[in-house]
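Welcome, and thanks for taking a look at this one. Please load the sequence and coordinates in your viewer and keep them open as you read.

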Amino acid sequence: MPAPRTRSRIVELDDQPGHHIRRLHQIAVAVFLQEAETLGLTPVQYAALQAVANTPGVDQRTLAGSIGLDTSTTGGVIDRLEVRGLLRRGASPDDRRVRLLTLTDAGETLLRDAIPAMLRAQSRIMEPLSASERKEFMRMLRVLVVANNALSRAPSEA
């Protein structure tokens, strides 16, 4: 005879930080996509373009670490951006196996057009908070991300 089933413990999702972080991530992606709708750019693609613009000639592995993605996911993002003519891969003079990334003129133009959309999205997300709450929220987010970085499937190297 099977053992009687016990009732699962009731856990309030509303009390779980992970639940709210997941929901905020969904909201952040949705708001970014609304603001950048005409650009055809995802938040991850934006991050890759911005990171390459910030460090021209960065290699794919370093890019992955700087934006907190695993290398295979980053490879797919780079493939899509390259097909769109937004960035190019070039061989490293030191190691021909290493591919260095640079923005094309089209990539620089798209990034320049994307920055205002990204900033509007950030502003919309933070709008419910006062200026001092925004500062504190960002401080606490950084503490949590840095302290838990090693737990990520793709720890950031930044």
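The report below covers the sheet, the nonpolar core and a helix pair.

## The sheet

This is a predicted model, and a good place to begin is its open sheet of 3 strands. The strand order is 1-3-2, and the pairing is antiparallel. Strand 1 (58-59) and strand 2 (87-91) are the edge strands, each with pairing on one side only.

Let's take the two pairings in turn. Strand 2 and strand 3 run antiparallel to each other, joined over 5 bridges. Along this pairing, Arg 88 lies opposite Thr 102 of strand 3, while Arg 89 has Leu 101 of strand 3 as its bridge partner. Strand 1 and strand 3 are also paired in the antiparallel sense, here over 2 bridges. There, Val 58 stands opposite Leu 101 in strand 3. As general background, strands in a sheet pair through backbone hydrogen bonds, in either a parallel or an antiparallel way.

Which helix packs on the sheet? Helix 2 does, touching strand 1, strand 2 and strand 3. The direction of helix 2 makes about 95° with that of strand 3.

## The nonpolar core

The largest nonpolar core holds 25 residues, and Leu 49, Leu 63 and Leu 87 have the most contacts inside it. Two or more residues each are given to this core by helix 1 (17-35), helix 2 (43-54), helix 4 (71-83), strand 3 (99-103) and helix 5 (105-126). The largest share, 6 residues, comes from helix 5.

Leu 63 is worth selecting in your viewer. Leaving aside residues up to four places away in sequence, Leu 63 touches Ala 48, Ala 51, Val 52, Val 58, Thr 74, Ile 78 and Leu 101. Two of these names will be familiar from the sheet, where Val 58 and Leu 101 stand opposite each other.

## Helix 2 against helix 3

Two packed helices are described by the angle between their axes and by the distance between those axes. For helix 2 and helix 3 (residues 60-67), the axes come within 10 Å and cross at roughly 115°. The crossing of helix 2 past helix 3 is right-handed.

Which residues in helix 2 and helix 3 meet? From helix 2 come Ala 47, Ala 48, Ala 51 and Val 52, and they meet Leu 63, Ser 66 and Ile 67 in helix 3. Sorted by class, this contact has 6 nonpolar residues, 1 polar residue and no charged residues. Leu 63 thus turns up in this contact as well as among the residues with the most contacts inside the core.

Notes. Residues numbered from 1 in each chain as written. Predicted model: local features only at pLDDT ≥ 70, side-chain atom pairs only at ≥ 80, totals over all residues. Heavy atoms only, no water. Core = buried A, V, L, I, M, F, W, Y, C linked by side-chain atoms within 4.5 Å. Buried < 20%, exposed > 50% of the residue type's maximum accessible area, 1.4 Å probe, protein only. Helix = DSSP H or I, 4+ residues; strand = E, 2+ residues; numbered from the N terminus. Contact = heavy atoms within 4.5 Å. Axes fitted to C-alpha atoms, helices over the stretch in contact; angles between N-to-C directions. Left-handed = near helix turned anticlockwise from the far one by under 90°. Nonpolar A, V, L, I, M, F, W, Y, C, P; charged D, E, K, R; others polar. Pairing = 2+ DSSP bridges.
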